[in-house]
Amino acid sequence: MKIMHVDASAKRERSNSRALARYFLERLREERVEFDVDYLDVTVDTPPHVNEAFAIATYTAAQERTAAMRATLAASDALCARLLAADALVFAMPMYNWSMPSVFKAFIDSVTRTGVTYLHAEDGHIVGQLGRHKVLFITSRGADLRAGSPYESMDALTPALTAAFGFLGVAAPTFVDAQPLQFANPEARTAALERAREELATVAAQWAQGERVANQQAEALCQTVVE
Ligand SMILES: Cc1cc2nc3c(=O)[nH]c(=O)nc-3n(C[C@H](O)[C@H](O)[C@H](O)COP(=O)(O)O)c2cc1C
């Protein structure tokens, strides 16, 4: 399995979302899942913000693009290719001002590409190209936005991620939200991290089980072909 792992926290060693993503990958290894990681730190390799040249080039039909337009889209093309080549996506990020870090938004703007990551079917429907991908979002939040909390209605992160990747064909992404990690007492923060780790261990076990089933099916298919 090929996993694209994207980190988006401005913090490094002290980042909880980065640590939780590493924890998830360790759990997958412990579950004996074989995988390669294509790693991207969008705080270091930040995709360019949408500018006028990009906005025009991206909606110009491929066969009508000039050399300059193709050059404008080259970095986005390369990022889309990485995304499409992966079997699974692990995106780790903090909540910033109730939504996603701007560097991750820049990533979404770069990989949401007509004719590449989503296609127009003949009947006009949009067909997202990430339908076969497993997708895990690991988010860290300072406040507690779980159901019933006074901050519940402030969560603009979960719907934004669900919509952006739903458009690209991701029907059922998994969310592990570590919260509250800042605006709470130490006990509540520790409990939040423990909850998140438990949820990540469960997701790792589910992915491992999915891989075992897929491998068994592939082996059975090979056997049928040999016979
Ligand atoms: C600029 C900034 C904005 C933030 N905005 C929010 C917010 O709107 N809601 C929230 O719950 N936490 C907010 N936080 C807190 C972080 O989401 C929280 O500390 C998180 O655990 C950071 O993840 P990290 O350790 O991976 O960087 C903000 C933190 C920063 C630095």
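**Sheet, shell and a few odd backbones**

Biologist: Let's start in β2: which residue there does H5 stand opposite?
Modeller: Strands here are DSSP runs of E with at least two residues, while helices are H or I runs of at least four, and both are numbered from the N terminus. Residues are counted from 1 along each chain as its sequence is written. Keep in mind that this is a predicted model, where local features need pLDDT of at least 70 and side-chain atom pairs count only at pLDDT 80 or more, whereas totals for chains, interfaces and linings use all residues. In β2, the residue opposite H5 is Y39.

Biologist: And is Y39 buried, exposed or in between?
Modeller: The cut-offs use C-beta atoms placed from the backbone: 20 or more others within 10 Å of a residue's own means buried, 12 or fewer means exposed, and anything in between is partly exposed. Y39 has 13 other C-beta atoms within 10 Å, so the label is partly exposed.

Biologist: How far is the C-alpha atom of Y39 from that of R82?
Modeller: Along the chain, Y39 and R82 are 43 residues apart. In space, their C-alpha atoms are separated by 10.0 Å.

Biologist: What is the strand order in the sheet?
Modeller: Two strands count as paired if DSSP finds at least two bridges between them. The sheet is open, has five strands and is paired in parallel. Its order is β2-β1-β3-β6-β7.

Biologist: Which strands stand at the edges?
Modeller: An edge strand here has a single partner, so one side is left without a neighbour in the sheet. That applies to β2 (36–41) and β7 (174–178).

Biologist: By how many degrees are neighbouring strands of this sheet turned against each other on average?
Modeller: Axes are lines fitted to C-alpha atoms, for helices over the stretch in contact, and angles between N-to-C directions run from 0 to 180 degrees. With direction ignored, neighbouring strands in the sheet are turned on average by 15°.

Biologist: Which helix packs on the sheet, touching β6 and β7?
Modeller: Touching means contact, that is, C-beta atoms placed from the backbone and lying within 7 Å. The helix spans residues 186–226, and its direction makes about 160° with that of β7. It's α6.

Biologist: How many bridges join β3 to β6?
Modeller: On one side, β3 has five bridges to β1, running parallel, and there V6 stands opposite F91. On the other pairing, A92 stands opposite I138 in β6. Between β3 and β6, also parallel, the bridge count is seven.

Biologist: Why is β3 called largely enclosed by the rest of the structure?
Modeller: Strand β3 covers residues 88–94. A88, V90, A92 and P94 are buried on one side, and L89, F91 and M93 are buried on the other. The strand is called enclosed because the buried residues number seven of the seven.

Biologist: Which helix gives the most residues to the shell around the ligand?
Modeller: A residue joins the shell if its C-beta atom, placed from the backbone, lies within 6 Å of the molecule. The shell has 17 residues, with S17, P94, S140, G142 and A143 the closest. The top helix gives three residues and runs over 16–30: α1.

Biologist: How many residues of that shell are charged?
Modeller: Asp, Glu, Lys and Arg count as charged; Ala, Val, Leu, Ile, Met, Phe, Trp, Tyr, Cys and Pro as nonpolar; the others, Gly among them, as polar. The shell has six nonpolar and eight polar residues, and the charged ones number three.

Biologist: Which residues does the UniProt "binding site" annotation cover?
Modeller: The entry is unreviewed; its positions are given in the numbering used here, feature names are shortened, and annotations may be inferred rather than shown by experiment. S17 sits in helix α1, while S9 is in the loop between β1 and α1. S9 touches S15 and S17, among others. The annotated residues are S9, S15, N16 and S17.

Biologist: How many C-beta atoms lie within 10 Å of S17?
Modeller: S17's contacts include A92, I138 and S140, leaving out residues up to four places away in sequence. S17 counts as buried, and the number of other C-beta atoms is 26.

Biologist: Which residue does a cis peptide bond join to Q179?
Modeller: Most peptide bonds are trans. Here omega is about 0°. The partner, in the loop between β7 and α6, is P180.

How values were computed. Contact = placed C-beta atoms within 7 Å.
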